[in-house]
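Me: I keep meeting labels for helices and strands, and I'd like to see where they come from. Could you go through a few with me?

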Amino acid sequence: MKRLEECIVKYGKALNKDVLKVDAFLNHQIDPDLMMELGKDFVEHFKDTPITKVVTIETSGIAPSVMLGYLLHVPVVFMKKSKSKIVDDNVYTANIHSFTKGIDYEITCSKDYLAKDDQVLFIDDFMANGEACIGGIKIIEQSGASVAGIGIVIEKAFQPGRKKVEALGYPVYSQARIASLDKDMITFVEE
Ligand code: G4P
Ligand code: NA
Ligand code: NA
């Protein structure tokens, strides 16, 4: 998506060859206008897919997801992160290992907000190694709901996330695909 790529080039900062900082519009300060454009782009991409719910993971997936849910008139659910094991019969849980942060954490979702007949569009802000996305998929599968689609704002295409998620049988749509990162040099995958 052109406008997103322009924002990444203008405001993004490659910390090194692996990490892109986008605090200026997505991870700290939020550009609502851009978030709405991201929502519209997801609507356009998934226009032939029936969707009953948008699901994401806190924190940074929430902003684009709310815009998308608003446009589709469906509820938005965010899975919660916690460091310790949750003992609660009324939640689905999945373990996630973050390679970037070197930690394990758990994500949870109340059983009240995912149902067997839900067609879920799963959204996240970044895809790196795909661990968070796979955790999200596991929870949706536990609930008996269907994963109708996966939408990512920024994919680091040089990391294995897409491959791992597609190996599970779910195609991934990303609004910006980064081919490589370096100080003062961000390149995108040519589509
Ligand atoms: P993975 O789920 O794809 O395997 O990702 P990983 O564990 O490597 O990433 C952990 C966190 O860092 C996730 O957010 C992910 O969105 C984010 N992340 C990964 N690579 C980048 C990057 O290059 N730039 C930025 N800005 N974020 C990246 P989180 O910590 O759960 O954050 P939040 O949603 O609470 O903001
Ligand atoms: Na993040
Ligand atoms: Na995230």
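Me: What is the order of the strands in the open sheet?

Reply: Keep in mind that this is a predicted model. The order of the eight strands is β5-β6-β4-β3-β7-β8-β9-β10, and the pairing is mixed. On average, neighbouring strands here are turned by 25 degrees against each other, ignoring direction.

Me: What makes β5 and β10 stand at the edges?

Reply: Count the partners: β5 (91-98) and β10 each have a single partner strand, so one side of each has no neighbour in the sheet.

Me: How do you know that β9 and β10 pair, and in which sense?

Reply: Pairing takes at least two bridges. Strand β9 (residues 172-182) and strand β10 (residues 185-188) have four bridges, so they pair by that cut-off, and the sense is antiparallel. One of the bridges links D182 to M185 in β10. The two strands form a hairpin with two residues between them, and D184 in the turn has a positive phi of about 65 degrees.

Me: And what makes β3 and β7 a pair?

Reply: The cut-off is again at least two bridges. Three bridges join strand β3 (residues 53-57) to β7, so they pass, and these strands run parallel. For example, V54 has L121 of β7 as its bridge partner.

Me: Why is α3 called oblique to α4?

Reply: Look at the angle: helix α3 (residues 32-45) and helix α4 (residues 62-72) pack at about 55 degrees, with their axes 8 Å apart. Roughly parallel needs an angle under 35 degrees and roughly perpendicular starts at 65, so a value of about 55 degrees fits neither and α3 counts as oblique to α4. The crossing is right-handed.

Me: Which classes of residue make up the contact of α3 with α4?

Reply: The contact includes M35, L38 and F42 of α3 and M67, L68 and L71 of α4. By class it has twelve nonpolar residues, one polar and one charged.

Me: How does α4 run relative to β3?

Reply: At about 175 degrees, and since angles over 145 count as roughly antiparallel, α4 is roughly antiparallel to β3. Besides β3, α4 lies across β4 (76-82), β7 and β8 (146-156).

Me: Which element gives the largest share of the shell around ligand 1?

Reply: That's β7, with three residues. Of the 22 residues around the ligand, S98, T100, F126, N129 and A132 come nearest. By class, the shell has eight nonpolar, nine polar and five charged residues.

How values were computed. Residues are numbered from 1 along each chain as its sequence is written. Chains are lettered from A and ligands numbered from 1 in the order in which they are written. This is a predicted model: local features need pLDDT of at least 70, side-chain atom pairs count only at pLDDT 80 or more; totals for chains, interfaces and linings use all residues. A residue is near a molecule or strand if its C-beta atom, placed from the backbone, lies within 6 Å of it. Ala, Val, Leu, Ile, Met, Phe, Trp, Tyr, Cys and Pro count as nonpolar, Asp, Glu, Lys and Arg as charged, and the others, Gly among them, as polar. Axes are lines fitted to C-alpha atoms, for helices over the stretch in contact, and angles run from 0 to 180 degrees between N-to-C directions. Angles under 35 degrees count as roughly parallel, over 145 as roughly antiparallel, 65 to 115 as roughly perpendicular and the rest as oblique. A crossing is left-handed if the near helix is turned anticlockwise from the far one by less than a right angle, and right-handed if clockwise. Two residues are in contact if their C-beta atoms, placed from the backbone, lie within 7 Å.
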